[in-house]
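Subject: Handing over a structure, with notes on what was found

Dear colleague,

I am passing this structure on to you, and below it you will find my notes, written for someone who is coming to it without any background. Please keep the structure open beside the text as you read.

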Amino acid sequence: MVSNWFITGDCHRDFSRFNLTKEGTNFKTDDTAAVIILGDAGINYKLDHHDDELKNSIIKKYKCYFYCVHGNHEARPQDVMDMKLIYDQNAGGDVYVQEKWPTIRYFKDWGIYTIGAYKIAVIGGAYSVDKWYRLVSAGMDIREEPTYSSAIKAGWFPNEQLS
């Protein structure tokens, strides 16, 4: 059971901040610790083998749990292949998880969870001020609304905003 919870913001695929060998930290890299990433973890950003490689490196390097809130620079967990909804005793609610990476978990948008003595509400997603920049950078014609698959290739997810 998780007893140490830590909260951080956007990682954007860079997990170097979790170099937890620094003195003075109470964080343990074992299964009694968990990190909540408040959006834009970037773990489900490319939706290809690059994401799998990142997940493999996270699992190998860190023995703690990661709980991710859906941000505006990643796919919603329910849109990711092989994602299953399970009850998570640590969070006191249902989370998404892939069998290959059991310690990387994703909160449901609009979920209510119990973290320690606290009840929390999770509202994932955000407006992307950089939507058009991402689409143009990928060579898309912005005079037309992108298809879902072309938008994802550009790094923009049509449903990344709050619903």
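Two residues are said here to be in contact when they have heavy atoms within 4.5 Å of each other. Please also bear in mind that this is a predicted model.

With that meaning of contact, I would begin at F15, which is placed in the loop between β1 (4–8) and β2 (33–37). Is F15 buried or exposed? Its relative accessibility is 7%, and because buried means under 20%, F15 counts as buried. Once neighbours within four places in sequence are set aside, the residues in contact with F15 are I37, A41, I43, L54, I58, Y62 and F66. L47 does not appear among those contacts; the C-alpha atoms of F15 and L47, which are 32 residues apart along the chain, are separated by 18 Å.

A second place to look is E74, in the loop between β3 (65–68) and β4 (83–88). E74 is buried and yet has no salt bridge, and R13, the nearest side chain of opposite charge, is 8.0 Å away. What, then, does the side chain of E74 reach? It comes to 2.7 Å from the backbone nitrogen of G71, and a polar atom of the E74 side chain also lies 2.7 Å from the backbone nitrogen of D40. Leaving out residues up to four places away in sequence, E74 touches a run of residues that includes G39, D40, A41, G42 and I43, and it touches V69, F157 and E160 as well.

Now to the charged pairs, of which the structure holds seven that qualify as salt bridges. In one of them R105 is joined to D88, with the closest N and O atoms 2.3 Å apart. R105 lies in strand β6 (residues 101–107) and D88 in strand β4, so this pair ties together parts that are 17 residues apart in sequence. Both partners are buried, R105 with a relative accessible area of 12% and D88 with one of 1%.

Another salt bridge brings together the side chains of E160 and R134, at 2.7 Å from N to O. This pair links distant parts of the chain, since E160 is in the segment after α3 and R134 is in helix α2 (residues 131–137), 26 residues apart. Here too E160 and R134 are buried. The two residues also belong to a network of salt bridges that takes in D130, a residue in the loop between β8 (118–122) and α2. D130 is partly exposed, with a relative accessible area of 23%. D130 and F107 are 23 residues apart in sequence, and their C-alpha atoms are 24 Å apart in space.

A further salt bridge is formed by the side chains of D141 and R143, at 2.9 Å from N to O. D141 counts as partly exposed at 37% relative accessibility, whereas R143 is exposed, with a relative accessible area of 75%.

Finally, please look at the surface, where W110, I123 and L162 form a nonpolar patch with about 320 Å² of accessible area together. L162 is found in the segment after α3 (148–153), and at 45% relative accessibility it counts as partly exposed.

With best wishes

How values were computed
Residues numbered from 1 in each chain as written. Predicted model: local features only at pLDDT ≥ 70, side-chain atom pairs only at ≥ 80, totals over all residues. Heavy atoms only, no water. Helix = DSSP H or I, 4+ residues; strand = E, 2+ residues; numbered from the N terminus. Buried < 20%, exposed > 50% of the residue type's maximum accessible area, 1.4 Å probe, protein only. Lys, Arg positive; Asp, Glu negative; His and termini not counted. Salt bridge = Lys/Arg side-chain N within 4 Å of Asp/Glu carboxyl O. Polar contact = N/O pair within 3.5 Å; in protein donor to acceptor, adjacent residues only side chain to side chain. Patch = residues over 30% accessible without salt bridge, like charges linked within 9 Å, V, L, I, M, F, W, Y side chains within 5 Å. Areas by Shrake-Rupley, 256 points an atom, 1.4 Å probe, with all protein chains shown as cover.
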